[in-house]
Amino acid sequence: MKDVLLEVLSPPDGATAAAALDVATAHLSPALLNHSLRVHLWAAARGTTDGVPFDPELLYVAALFHDIGLVPAFDSHTLAFEEAGGHVARVFAAGAGWPAERRERLYRVIVRHMWPQVDPEGHLLARAAATDVVGREADAYPARCRDEVLERHPRLDFAGVFLACFRDQAARKPESSAADAVRSGLPGRMAANPFDAAS
């Protein structure tokens with residue numbers, strides 16, 4: 001991957017992006033908020049350097065809301081966290097005046113962010129989330145980019161917070177993707193994340 005300056009990956013301008021950040025800041029813990037902001041930067045860097053066309057505003061909103069279904073205010077006792085988060089994002093986007101097709105695309109990107117992807121934004125979000133959670137493809141990012149992302153949005157206690165959320169989801173929703181991730185060795189993969197080993 002070519003080097004990319006984070007200045008060119010700034011959040012999109014406009015009221016919608018600002019409102020999405022306000023909502024995320026109000027509901028996500030500092031560790032989950034920083035994770036979401038890092039995921040946006042990893043995804044935007046990959047899309048920019050690899051020439052993957054993407055909707056910058058949609059990708060930013062999806063990154064901010066992709067884990068919002070993990071927090072108590074939006075947790076569902078019947079839906080997987082990513083589906084609950086997709087519904088929250090779709091309602092937010094309706095309030096922002098997005099047309100129905102774009103709202104559905106946002107919903108789909110969030111719901112499928114742990115699946116194999118087809119949509120450009122979903123592809124970028126899924127790869128970026130894996131980079132941040134378990135360090136997958138971390139070495140594909142130039143050292144300067146990695147350092148700037150981690151300096152801008154420190155990891156804090158992300159590993160412990162995130163794993164606790166996934167274990168809670170797995171215990172209450174044994175058929176969910178979070179439960180599948182825990183059963184398939186997520187704790188070990190997270191423990192081997194080079195971002196946390198370096199911190």
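**Close-up views of a predicted model**

**View 1. T16 in helix α1 and its surroundings.** In this predicted model, T16 is found in helix α1, which covers residues 15–27. The relative accessible area of T16 is 14%, and because buried means under 20%, T16 is classed as buried. Leaving aside residues up to four places away in sequence, T16 touches E57, V61, F92, A96 and W98.

**View 2. The crossing of helices α3 and α6.** Helix α3 (residues 56–65) and helix α6 (residues 120–134) have axes that come within 10 Å and cross at roughly 40°. This angle is over 35 degrees and lies outside the range of 65 to 115, and α3 and α6 are therefore oblique to each other. The crossing in which α3 passes α6 is right-handed. On the side of α3, the residues that take part in the contact are L58, L59, A62 and A63, and they meet E121, L124 and L125 in α6. By class, the residues of this contact between α3 and α6 divide into six nonpolar, no polar and one charged.

**View 3. Helix α5 and the helices it packs against.** Helix α5 comprises 12 residues (residues 100–111), which at 1.5 Å a residue should span 16 Å, and this agrees with the end C-alpha atoms, which are 16 Å apart. Within α5, the buried residues are R102, R105, L106, Y107, V109, I110 and V111. These buried residues of α5 pack against α3, α4 (81–95) and α6, so that α3 and α6, the helices of the oblique pair in View 2, appear here again as partners of α5.

Methods:
Residues are numbered from 1 along each chain as its sequence is written. This is a predicted model: local features need pLDDT of at least 70, side-chain atom pairs count only at pLDDT 80 or more; totals for chains, interfaces and linings use all residues. Side-chain values use heavy atoms; hydrogens and water are left out. Helices (H or I, at least four residues) and strands (E, at least two) are DSSP runs, numbered from the N terminus. Buried means under 20% relative accessible area, exposed over 50%, partly exposed in between (1.4 Å probe, protein chains only). Contact means heavy atoms within 4.5 Å. Axes are lines fitted to C-alpha atoms, for helices over the stretch in contact, and angles run from 0 to 180 degrees between N-to-C directions. Angles under 35 degrees count as roughly parallel, over 145 as roughly antiparallel, 65 to 115 as roughly perpendicular and the rest as oblique. A crossing is left-handed if the near helix is turned anticlockwise from the far one by less than a right angle, and right-handed if clockwise. Ala, Val, Leu, Ile, Met, Phe, Trp, Tyr, Cys and Pro count as nonpolar, Asp, Glu, Lys and Arg as charged, and the others, Gly among them, as polar. The expected span of a helix is 1.5 Å times one less than its number of residues.
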